[in-house]
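Biologist: I am new to this structure. Could you teach me how to read it, one feature at a time?
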Amino acid sequence: MNQRLTAVIIEDEKNISSFIESILASEGYRTFAAFTGTEGLSLITSRCPDIILLDLGLPDMDGIKIIEKVRQFTHTPIIVISARTREEEKVSALDQGADDYITKPFGASELMARIRTALRHSHRDSTLSPVYSCGGLVIDFEKRLVTLDGQVIHLTQIEYKLVSLLARQAGKVLTYDYLMQQIWGPYSDSNNQILRVNMAHIRRKMEKNPAEPEYIFTEIGVGYRMREE
Ligand code: CA
């Protein structure tokens with residue numbers, strides 16, 4: 001039986017597209033490449049891929065628009081591949097429903113790591129693990145108990161909500177807006193100060209050296225990402 005994973009790559013720069021194709025092919029993927037947004041959308045509907053790799057700057061369509069369209073009919077993980085380092089674009093891609101982003105230039109191992117994380121998340125939703133465990137940090141979601149090297153860490157209600165949100169989606173960047181909305185609701189202030197303050201408290205409790213966190217990483221200008229189990 002052929003159980004190969006399928007990837008659709010939407011990227012107008014041919015050398016980058018074939019670079020990605022060769023990486024994926026060497027990992028056993030079936031790949032389909034599109035050089036425009038229109039072609040890409042039709043490949044996604046006809047091939048039902050397991051993963052979508054999407055460049056934001058396409059000749060006929062903004063990549064963000066593609067994410068919006070794709071999310072109307074499928075949860076297939078989307079990893080944005082972009083030369084642009086502008087943070088607003090990463091943020092809007094994630095907020096539109098992209099799972100992750102990778103900035104050019106990137107290497108094969110980084111790309112594959114991102115893909116594996118995105119695929120794990122897409123399969124995990126239905127079988128939520130009751131425990132997050134990574135290094136010395138253990139979060140028991142049923143008991144709402146957080147321990148570090150066996151010692152209980154006392155978190156406030158909000159701090160616990162933040163940590164468990166990030167841990168439930170470990171490996172994935174959660175944007176400041178997303179976190180604000182999840183915790184403080186849709187009418188929360190767009191100012192992230194309260195989020196930063198809570199994160200500083202969490203790090204003081206959870207990280208050996210809050211300046212060089214081991215568990216919750218800052219993606220500058222975008223959000224936070226929790227270390228994967
Ligand atoms: Ca491009």
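Modeller: Start with the calcium ion, and keep in mind that this is a predicted model.

Biologist: Which residues coordinate the calcium ion?

Modeller: Asp 12 and Asp 55 each give an OD atom, and Gly 57 gives its O. These donors sit at 2.2 to 2.3 Å. Along the chain, they follow the spacing D-x42-D-x1-G.

Biologist: Where do Asp 12 and Asp 55 lie?

Modeller: Asp 12 is in the loop between strand E1 (6-10) and helix H1 (14-26), while Asp 55 is in strand E3 (residues 51-55), so the pair ties together parts 43 residues apart in sequence.

Biologist: Are Asp 12 and Asp 55 buried or exposed?

Modeller: Buried means under 20% relative accessible area, and exposed means over 50%. Asp 12 has 29%, so Asp 12 counts as partly exposed. Asp 55 has 4%, so Asp 55 is buried.

Biologist: Now the interior. Which residues touch the most other members of the largest nonpolar core?

Modeller: They are Tyr 132, Ile 139, Ile 216 and Met 226, in a core of 29 residues. Several elements give two or more residues to this core, including strand E6 (131-134), strand E7 (137-140), helix H6 (157-168) and strand E12 (223-226). H6 gives the most, with 6 residues. Apart from this core lies another, of 25 residues. Among its members are Ala 34, Leu 56, Ile 66 and Ile 67.

Biologist: What does Ile 216 touch, beyond four places away in sequence?

Modeller: Its contacts include Val 163, Leu 166, Met 199, Ile 202, Tyr 224 and Met 226. Charged side chains are on the list too: Arg 203, Glu 207 and Arg 225 are among them.

Biologist: Leu 166 came up there. Where is Leu 166 placed?

Modeller: Leu 166 is in helix H6. Its relative accessible area is 1%, so Leu 166 is buried. Not counting residues up to four places away, Leu 166 touches Leu 174, Met 199, Ile 216, Tyr 224, Arg 225 and Met 226.

Biologist: And Arg 225: buried or exposed?

Modeller: Arg 225 is found in strand E12. At 10% relative accessibility, Arg 225 counts as buried.

Biologist: Which polar partners does the side chain of Arg 225 have?

Modeller: Look at two places. A polar contact of 3.3 Å joins its side chain to that of Asp 100. The backbone oxygen of Gly 171 lies 2.6 Å from a polar atom of the Arg 225 side chain. Beyond four places in sequence, Arg 225 also touches other residues, including Arg 114, Lys 172, Val 173 and Phe 217.

Biologist: Next, the rings. How many aromatic pairs are there?

Modeller: The count is 2 aromatic pairs. Read each one by the distance between centres and the angle between planes. Phe 19 and Phe 106 are tilted, at 5.9 Å centre to centre and 45° between the planes. Phe 19 lies in helix H1 and Phe 106 in the loop between strand E5 (100-103) and helix H5 (108-124), so this pair ties together parts 87 residues apart in sequence. Phe 19 is partly exposed at 36% relative accessibility, whereas Phe 106 is buried at 11%.

Biologist: What about Tyr 176 and Tyr 224?

Modeller: Their pair is edge-to-face, with 5.5 Å between centres and 85° between the planes. Tyr 176 belongs to helix H7 and Tyr 224 to strand E12, so parts 48 residues apart in sequence are tied together. Tyr 176 is buried at 14% relative accessibility, and Tyr 224 is buried at 4%.

Biologist: Which charged residues sit over rings?

Modeller: Lys 14 lies over the face of Phe 35, 4.6 Å from the ring centre. The charged end of Arg 168 sits over the ring of Phe 141, 3.8 Å from its centre.

Biologist: Last, the backbone. What should I look for?

Modeller: Most residues other than glycine have a negative phi, and most peptide bonds are trans. Look for departures from that. Lys 104 and Pro 105 are joined by a cis peptide bond, with omega about -5°. Pro 105 is in the loop between E5 and H5.

Biologist: Where is Cys 48, and what is its phi?

Modeller: Cys 48 is in the loop between helix H2 (37-47) and E3. Its phi is near 40°, a positive value. At 58% relative accessibility, Cys 48 counts as exposed. Asp 149 also has a positive phi, near 50°. Asp 149 lies in the loop between E8 and strand E9 (151-152).

Key: Residues numbered from 1 in each chain as written. Predicted model: local features only at pLDDT ≥ 70, side-chain atom pairs only at ≥ 80, totals over all residues. Heavy atoms only, no water. Core = buried A, V, L, I, M, F, W, Y, C linked by side-chain atoms within 4.5 Å. Buried < 20%, exposed > 50% of the residue type's maximum accessible area, 1.4 Å probe, protein only. Helix = DSSP H or I, 4+ residues; strand = E, 2+ residues; numbered from the N terminus. Contact = heavy atoms within 4.5 Å. Donors = N, O, S within 2.8 Å, 3.2 Å for Na, K, Ca; no water. Polar contact = N/O pair within 3.5 Å; in protein donor to acceptor, adjacent residues only side chain to side chain. Phe/Tyr/Trp six-rings, centres within 6.5 Å; stacked < 30°, edge-to-face > 60°. Lys NZ or Arg CZ within 6 Å of the ring centre and 35° of its normal.
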